[in-house]
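Here are a few exercises to work through with the model open beside you. Try each task before you read its solution.

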Amino acid sequence: MFKKKLLDHLMKKQSEREQREKHLTTSYSELVKEWLRKVDKIENSTKRKLKEAKNREFFEKIFPKLRKQREDRERFNRVGARVKSDADLEEIMDGLQEQEMEDKKMRSYAVVPPLLLDARQRSVFYINNNGKLDDFAADYKERQLLNVWTQAEKEIFKEKFLQHPKNFSVIASYLERKSVSDCVQYYYLSKKTENYKRLLRKSRQRTRSGRGPQAKVGAGNSASSASVAVSTNSVDSILAQSAGVTTRLQREQLQKQEPAAPVASVPENREQSGESSFLLEQSQPQNQQPAPAPAPAPAASTAVASPPTAAKLPPPPLLFPNK
């Protein structure tokens, strides 16, 4: 029983809707025809044509581009009736494309009117109160008490934000009691007071400046190490000279800095011979025993004596004694 009544009610509604749409369609077509007839009458009137010709001459003198557009349009209308070559066909195709683009642009400018609804459909409406707030200030204070950020959490957020800028999922992983939405909300609430952009610039400048002095320090260390090596070499050379031992590094440096000199020259007196013997002792290796120094010659007497006739003079001391 109820099913039959429901079907009858639905069928009645459907028929009423169809009749209404049919009535709207017929009335709209009649009104459009009447409107087109009036437009045609107004546009084809002699008074309007004279006025348009006067205005067209005035504006074409000021804007030559308008005259060119009008001439192109008139030529296209004349050529449309007769096509004699491929150039005429291409011109017709270009004109059609331009007209189509102009129609699309005008359609985009048009405003779509709302749907026409009957009285019953207009009486049905829905009121949505989801998310409605009566007192915004009280709700904001309540939210502040629900989600409290401690000083330690703020410091962790700032530190991790400088390491991972705006990567709130990574930042929230370091905070046990905060979610990603909490981190986003805290960022937008504190970005003006904390000035995260300035902190990011400072941290990047610090990292860049930290890289530069390292290279400078490395260069300074290398220079200091070189100077220390030179100083140690000089100390070693001094110690070797004082101890009577010449190192290999010292010999190489002396060969590079000074030209090769003879080991010893012929001494003019006994002091030079003593210095040459000292140099020879330094040049000998440590494992070899130094050669015994030659015996000193007897001092010359002050008194003038006649040279002996038969006795022979002693030989001079050897400069390079045999090993």
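## Exercise 1: the positive patch

K166, K192, K197, R198, R201, K202 and R206 make up a positive patch on the surface. Before you start: this is a predicted model, in which local features need pLDDT of at least 70 and side-chain atom pairs count only at pLDDT 80 or more, while totals for chains, interfaces and linings use all residues. Residues are numbered from 1 along each chain as its sequence is written, and side-chain values use heavy atoms, with hydrogens and water left out.

Task: find which helix gives the most to the positive patch, then place K166.

Solution. Start with the rule: patch residues have over 30% relative accessible area and no salt bridge, with like charges joined within 9 Å and nonpolar side chains within 5 Å. A salt bridge would be a Lys or Arg side-chain nitrogen within 4 Å of an Asp or Glu carboxyl oxygen. Next, the helix: α10 (residues 196-243) is the top contributor, with five residues. Helices here are DSSP runs (H or I, at least four residues), numbered from the N terminus. Last, K166 sits in the loop between α7 (151-163) and α8 (168-173). K166 counts as exposed because its relative accessibility is 52%; the cut-offs are under 20% for buried, over 50% for exposed and partly exposed in between (1.4 Å probe, protein chains only).

## Exercise 2: the nonpolar patch

Task: look at F58, F59, I62, F63 and L66, and work out what they form on the surface.

Solution. Together they form a nonpolar patch with about 490 Å² of accessible area, by the Shrake-Rupley method with a 1.4 Å probe. Helix α2 (residues 46-62) gives the most, with three residues. I62 belongs to helix α2, and at 47% relative accessibility I62 counts as partly exposed.

## Exercise 3: rings around F157

Task: the structure holds 11 aromatic pairs; classify the pair F157 and F161, then the pair F157 and Y186.

Solution. Rings pair if their centres lie within 6.5 Å; planes under 30 degrees apart are stacked, over 60 edge-to-face, and the rest tilted. For F157 and F161, the centres are 6.1 Å apart and the planes at 20°, so this pair is stacked. These two are four residues apart in helix α7, which means about one helical turn separates them. F157 is buried at 0% relative accessible area, and F161 is buried at 1%.

Now F157 and Y186: at 5.1 Å centre to centre and 90° between the planes, they are edge-to-face. This pair links distant parts of the chain, with F157 in helix α7 and Y186 in helix α9 (residues 180-194), 29 residues apart. Y186 is buried too, like F157. To finish, zoom out: one aromatic cluster takes in W149, F157, F161, F168, Y186, Y187, Y188 and Y196.

Definitions and conventions. Lys and Arg count as positive and Asp and Glu as negative; His and the chain ends are not counted. The place of a charge is taken as NZ of Lys, CZ of Arg, CG of Asp or CD of Glu. Rings of Phe, Tyr and Trp (its six-membered ring) pair if their centres lie within 6.5 Å; planes under 30 degrees apart count as stacked, over 60 as edge-to-face and the rest as tilted.
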